[in-house]
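Thanks, everyone. I have one structure to walk you through today. Please look at it on the screen while I talk.

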Amino acid sequence: PGEHTGESAGAGPTGGAGAAGEPLIELRGVNKHFGQLHVLQDIDLTVDRGEVVVVIGPSGSGKSTLCRAINRLETVESGTILIEGQPLPAEGKGLAKLRAEVGMVFQSFNLFAHKTVLQNVTLAQVKVRKRGRAEAEAKGRRLLERVGLAAHEDKYPAQLSGGQQQRVAIARALAMDPKALLFDEPTSALDPEMINEVLEVMRALAAEGMTMVVVTHEMGFARSAANRVVFMADGRIVEDRVPEEFFADPRSERARDFLSKIL
Ligand code: ADP
Ligand code: MG
């Protein structure tokens with residue numbers, strides 16, 4: 001992705017006005033508890049425009065909570081979270097706009113079950129982005145084509161495989177012209193033979209300069225597509241390094257232990 005950062009400025013797929021290499025997502029001193037559990041501990045993390053940051057770590061280490069906090073699906077107790085230098089909106093209309101601009105793709109797809117594929121990629125364009133129906137459908141069709149699902153626009157989610165549903169979810173997020181995308185274990189619910197078709201779409205986005213935070217156990221993706229690997233354990237960022245260095249020489253005992261279990 002690094003080679004493409006020049007192209008991602010301005011009219012690139014992120015659609016943003018800023019230049020590659022500027023901070024897009026910033027967390028400073030972020031803390032959150034669930035009861036006694038200190039689930040995010042003094043989190044400092046900056047994701048620059050055009051960067052792909054893969055977040056890994058044991059189950060329960062706070063990866064999902066981190067993503068959800070960036071999208072304000074969870075509130076935090078202290079610290080600041082900034083998108084393009086602006087604090088997250090507290091409530092109201094600002095939240096829908098935030099979630100359009102920082103899209104999220106979930107493990108469980110979260111498509112609208114009673115809407116067709118085309119409606120899934122069109123609805124929020126009309127409601128949140130205030131596009132006309134024809135414009136929204138045209139854009140939706142372009143994106144379905146891009147994720148290889150042009151032939152399926154009239155189907156309902158239940159008629160698609162998991163890999164196809166997840167590609168619709170990615171197209172739906174892209175339809176909002178997001179500045180960044182968050183992926184929370186996007187392939188963990190998929191049968192093995194469908195994992196690659198989703199990773200391929202994500203690799204293409206990364207190569208085009210999309211800013212991405214990706215929680216995943218797919219270490220091949222981390223090695224090939226990430227600019228940085230963030231390793232979390234017990235609510236803390238333990239390592240934040242370029243993938244080659246992290247995989248060749250994890251510094252922390254926690255990371256060495258984690259890698260020995262999954263590789
Ligand atoms: P990960 O995604 O790394 O597996 P999570 O961010 O989902 O971790 O969860 C971190 C910890 O917080 C876990 O121990 C989990 O059980 C707990 N947790 C997550 N969500 C809630 C919640 N809404 N209420 C209480 N505890 C939660
Ligand atoms: Mg999780």
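Start with the shell around ligand 1: by class, three residues are nonpolar, seven are polar and one is charged. Keep in mind that this is a predicted model. Which residues surround ligand 1? Going along the chain, we have Phe34, Leu37 and Val39. Then come Gly57, Ser59, Gly60, Ser61 and Gly62. Lys63, Ser64 and Thr65 complete the list.

Where do they come from? Strand 2, residues 37-48, and helix 2, residues 63-70, each give at least two residues to this shell. Helix 2 supplies the largest share, with three residues.

Next, a helix pair. Find helix 7, residues 162-174, and helix 8, residues 192-207. Their axes lie 8 Å apart, at an angle of about 15°. An angle under 35 degrees counts as roughly parallel, so helix 7 runs roughly parallel to helix 8. The crossing of helix 7 past helix 8 is right-handed.

Which residues meet there? From helix 7, take Gly162, Gly163, Gln166, Arg167 and Ile170. From helix 8, take Met194, Glu197, Val198 and Val201. The residues of this contact divide into four nonpolar, three polar and two charged.

Finally, zoom out. The protein chain has eleven helices and ten strands. Its radius of gyration is 18 Å, close to the 18 Å that the globule rule gives for 263 residues, so the chain is as compact as a globular protein of that length. Along the principal axes, the C-alpha trace spans about 55 × 40 × 40 Å.

Technical notes:
Residues numbered from 1 in each chain as written. Chains lettered and ligands numbered in written order. Predicted model: local features only at pLDDT ≥ 70, side-chain atom pairs only at ≥ 80, totals over all residues. Axes fitted to C-alpha atoms, helices over the stretch in contact; angles between N-to-C directions. Helix = DSSP H or I, 4+ residues; strand = E, 2+ residues; numbered from the N terminus. Parallel < 35°, antiparallel > 145°, perpendicular 65-115°, else oblique. Left-handed = near helix turned anticlockwise from the far one by under 90°. Contact = placed C-beta atoms within 7 Å. Nonpolar A, V, L, I, M, F, W, Y, C, P; charged D, E, K, R; others polar. Near = placed C-beta within 6 Å. Rg over C-alpha atoms; globule rule 2.2 N^0.38 Å.
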